[in-house]
Amino acid sequence: MSSPPPNKKRIDADIIKLIEAKREVTILRGLNEFLVKFYGPKGTAYEGGVWKVRVDLPDKYPYKSPSIGFLNKIYHPNIDEASGTVCLDVINQAWTPLYDLSNIFEQFLPQLLSYPNPIDPLNGDAAALFLHKPEDYQKKIREYIQKYATEEVLEEQENPSSSSESSMSDFSEDETEGMEL
């Protein structure tokens, strides 16, 4: 019988802390991969948006930083639009074991969304719009939220058959009478 990894207690504690903070956590494959539902910070153009953020913990966590990425699209200079990868210096270079997963969702991501860094962008278009046409930048964020980051959109992504394929509930009673199930 193999013993659990030395960081298991720390990972357990961090995930419990996220859940206690009323974060919705979905475990994917073991405790090293999971999703966290993240809401846009109040008072920003992202307010009202909801994203699923994937968290991958390296074997050396908490000594090595987690990698995080947005699963549904978000428009931001420091987030790659295609992959959802986040460019966060704090997470990548300044990470210390003193930080935990709740820091990511309560401080790092809200700060990143509130104060983008257009100087080192992963999304050049978003950076240019942020710098040169701030009103258009804000408008584009809201368009992305409507298209990709609402509770309804997430619901459709989780249950694709309910919208794209017909299910039994799509038929009226008389249409189903002659059908054999």
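Strand S2, residues 33–39, and strand S3 pair in the antiparallel sense, and 7 bridges hold that pairing in the list. Please keep in mind that this is a predicted model. One position to find on the screen is Phe38, which stands opposite Trp51 in S3.

Stay with S3 for a moment. S3 is also joined to strand S4, residues 67–70, by 4 bridges, and these two run antiparallel. Here the pair to look for is Arg54, whose bridge partner in S4 is Gly69. So how enclosed is S3, which spans residues 50–56? Of its 7 residues, 5 are buried, so the strand is largely enclosed by the rest of the structure.

Now step back to the whole chain. There are 7 helices and 4 strands. In sequence order the pattern reads α-β-β-β-β-α-α-α-α-α-α. In words, a helix comes at the start, the strands follow, and then come the other helices.

How much of the chain is buried? The figure is 39% of the 181 residues. As for the surface, the chain exposes about 11,100 Å², and carbon and sulfur atoms supply 52% of that area. There is also a number for contacts along the sequence. Take the contacts with a separation of 6 or more: residues 24 or more positions apart account for 53% of them.

Next, two single residues. The first topic is Cys87. An unreviewed UniProt entry carries the annotation "active site" at Cys87. That comes from the record, and I take it no further. Where does Cys87 lie? Cys87 is in the loop between S4 and helix H2, residues 89–92. Which residues does Cys87 touch, if we leave aside neighbours within four places in sequence? The contacts are Asn78, Leu112, Asp120 and Leu122.

The other residue is Asn103. Asn103 sits in helix H3, which covers residues 101–114. Is Asn103 buried or exposed? The relative accessible area of Asn103 is 16%. The cut-off for buried is under 20%, so Asn103 counts as buried. With neighbours within four places in sequence again left aside, Asn103 is in contact with Leu98 and Phe108.

To go over the strands once more: S3 pairs with S2 over 7 bridges, and 4 bridges join S3 to S4. Both pairings are antiparallel. That is where I stop.

Key. Residues numbered from 1 in each chain as written. Predicted model: local features only at pLDDT ≥ 70, side-chain atom pairs only at ≥ 80, totals over all residues. Heavy atoms only, no water. Buried < 20%, exposed > 50% of the residue type's maximum accessible area, 1.4 Å probe, protein only. Contact = heavy atoms within 4.5 Å. Areas by Shrake-Rupley, 256 points an atom, 1.4 Å probe, with all protein chains shown as cover. Pairing = 2+ DSSP bridges. UniProt positions renumbered as here; feature names shortened; annotations may be inferred.
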